[in-house]
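Trainee: Before we begin, could you help me see how the terms for a structure are tied to their definitions?
Mentor: Gladly; let us look at the structure and take the terms in turn.
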Amino acid sequence: MNTTASTPRPAAAQNIQRYDAVIIGAGIGGLYQLYRLREAGLNVLAIDAGTGVGGTWYWNRYPGARVDSPSHVYQYWFSEELNNAWNWSERFPAQPETEQYLNFVADRFALRKDIQFSTRVLSCDFDEHRERWQVRTDKGITLDAKYLISCAGTLSTPLKNLFEGEDSFKGEVYHTARWPKQPVDFTGKRVGVVGTGATGIQVIQTIAPQVQALTVFQRTAPYTIPMRNQRYTDADRATLKSRFHEIKQQVRNSFVGFDFDFTYGSYHDASPQDRREILEMLWDDGSLALWAGSYGEIFTDEGVNKEVSAFVRQKMAERIKDPALIKQLVPTDYGFGTRRVPLDTGYLETFLRPNVSIVDIKAAPIERIVENGVQTADGNIHELDVLILATGFDASTGALTQIDIRGRAKQLLRDEWAQDLRTTLGLMVHKFPNLFLTAAPLSPGAALCNAPTCLQHQVEWITDCIQFLENNQRNTIEPTLEQQDHWVAHHDEAASTSLLAKTRSWYTGANVDGKPKRLLAYAGGVNVYREHCDAVAAQAYADFRIN
Ligand code: NAP
């Protein structure tokens with residue numbers, strides 16, 4: 001514990017602040033980690049580049065941003081009082097409400113006083129002699145801490161400079177993950193959106209009625225399920241609150257951290273009629289249950305995936321009817337659920353509007369941005385006043401590889417991960433003692449989990465581990481090479497059965513040039529992952545090197 005607060009320091013060290021633990025990020029994970037470590041009696045500081053809390057829900061304030069996990073599972077579970085004090089207005093709340101929730105949590109637990117906002121971490125060096133981390137920030141302050149915990153987010157580093165000539169554009173350019181706090185006025189403007197992932201879909205369906213003309217640049221058509229949102233009544237909220245403990249258990253023990261799971265048995269064992277009824281029921285539910293709460297074989301069995309894909313394609317085609325549009329908007333070149341499935345609100349129907357057009361940038365890729373718009377490989381210039389980039393993120397690794405993180409022998413994490421994406425349980429990395437990760441590669445939280453479920457689980461594991469070290473007066477913990485090899489092999493074995501690993505998407509790092517290819521998320525299931533983590537803790541971290 002930090003006992004140096006009253007110790008006089010030499011002048012040269014005045015810009016050094018000592019903590020037991022430094023947390024990078026004040027989003028869902030960072031806020032909870034701060035709360036837990038503070039409760040455990042540690043002196044903790046969280047750092048965030050934003051001016052407020054929220055992480056993803058602070059930065060992604062683009063028009064139409066909305067969570068597609070139901071609010072009753074996209075929340076904290078550590079306090080039933082908190083759960084009772086907060087009232088969600090609807091099943092799938094828009095960004096401002098989730099941001100408000102996280103602010104409410106920060107205020108209720110007085111977290112803000114231990115967060116330094118508007119601050120970027122530049123480098124983190126492990127001092128092998130002192131066995132402490134030195135965290136340098138862009139505010140000229142160095143933080144000296146025994147433990148360093150990354151809660152920097154999996155989808156927090158937007159892809160930049162994808163297109164030549166971006167600076168030459170005379171209009172306005174926005175990346176969805178760096179959206180301004182002031183609303184953007186689209187009236188009378190020709191707007192282009194690049195990207196049709198979960199983000200692009202939300203922007204497109206939201207701004208289409210506001211703009212003069214909307215041009216959608218699409219490389220890969222998404223499978224999409226119509227979101228069935230609903231306003232919650234007091235009675236709905238009371239029912240959900242009364243199920244607090246039940247839902248908490250469900251999310252912890254399901255495959256992807258939701259309150260649904262693969263409970264319908266094997267697709268092969270069901271009759272065609274039963275399968276159809278289940279798929280229809282889950283389609284009507286308007287949630288991600290059709291994807292991650294129907295038949296597990298969707299992820300592993302090409303035959304099953306083909307049949308379910310055909311079901312979804314038919315449903316999508318029924319929505320748009322126009323054969324030319326069906327050809328453009330209904331995917332045929334990969335299977336349903338092998339990339340992240342979004343929920344939409346009138347997205348497909350948006351393309352029936354006269355002011356919306358679609359440009360196939362698989363056939364004619366974007367060549368460059370020019371001063372008056374976007375030039376494609378067929379020589380066309382698509383004239384625009386506003387360009388919106390919904391082009392995604394350097395997921396799971398980007399937030400950490402942009403910081404100089406040096407472990408033993410000054411080894412850079414960025415260099416390690418440029419060769420191969422390896423972690424131990426997605427929680428620690430060999431040669432980086434006392435560095436704890438959340439939502440990192442090789443854990444479900446990297447991509448295959450309802451984010452709050454996995455973040456809370458990892459924060460709890462990290463807190464227990466730190467308490468173990470403190471209670472036993474130990475200085476460091478670090479996975480051995482052998483232990484890391486073992487987890488990587490287990491991860492790869494789980495990935496080898498998954499169709500996700502065979503499909504091009506951000507799930508495999510394929511959206512970032514030069515990123516080593518490996519399924520980012522552990523595909524064995526949130527429930528199974530939890531068992532692995534619990535076993536490690538139950539054995540007093542015996543496989544780790546502890547000093
Ligand atoms: P994304 O899924 O990576 O989609 C990026 C889009 O940009 C894709 O359509 C991609 O095409 C396109 N793109 C990227 N680089 C391109 C290039 N050089 N040229 C042309 N097109 C390019 O990113 P996202 O939509 O921001 O979503 C990321 C994740 O955030 C989601 O999968 C989801 O997990 C999360 N999210 C959640 C919600 C929610 O809960 N409602 C909302 C938004 C996002 P290709 O597909 O061909 O690569």
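Trainee: What makes the pair formed by R504 and an oxygen atom of the ligand a polar contact?
Mentor: A polar contact is a pair of N or O atoms within 3.5 Å (within protein, one must be able to donate a hydrogen and the other to accept it, and residues adjacent in sequence count only if both atoms are side-chain atoms). A polar side-chain atom of R504 lies 3.5 Å from an oxygen atom of the ligand, so the pair meets the limit of within 3.5 Å. For T199 the value is 2.6 Å, and for D68 it is 2.8 Å.
Mentor: Please keep in mind that this is a predicted model, in which local features need pLDDT of at least 70 and side-chain atom pairs count only at pLDDT 80 or more, while totals for chains, interfaces and linings use all residues. Residues are numbered from 1 along each chain as its sequence is written, and side-chain values use heavy atoms, with hydrogens and water left out.
Trainee: Why are β13 and β15 said to stand at the edges of their sheet?
Mentor: Three strands form an open sheet in the order β13-β14-β15, with antiparallel pairing, where strands are DSSP runs (E, at least two residues) numbered from the N terminus. β13 (366-370) and β15 (381-383) each have a single partner strand, so one side of each is left without a neighbour in the sheet.
Trainee: How do you know that β14 and β15 pair?
Mentor: Two strands pair if DSSP finds at least two bridges between them; three bridges join β14 (residues 373-376) to β15, so the condition is met.

Note on methods:
Helix = DSSP H or I, 4+ residues; strand = E, 2+ residues; numbered from the N terminus.
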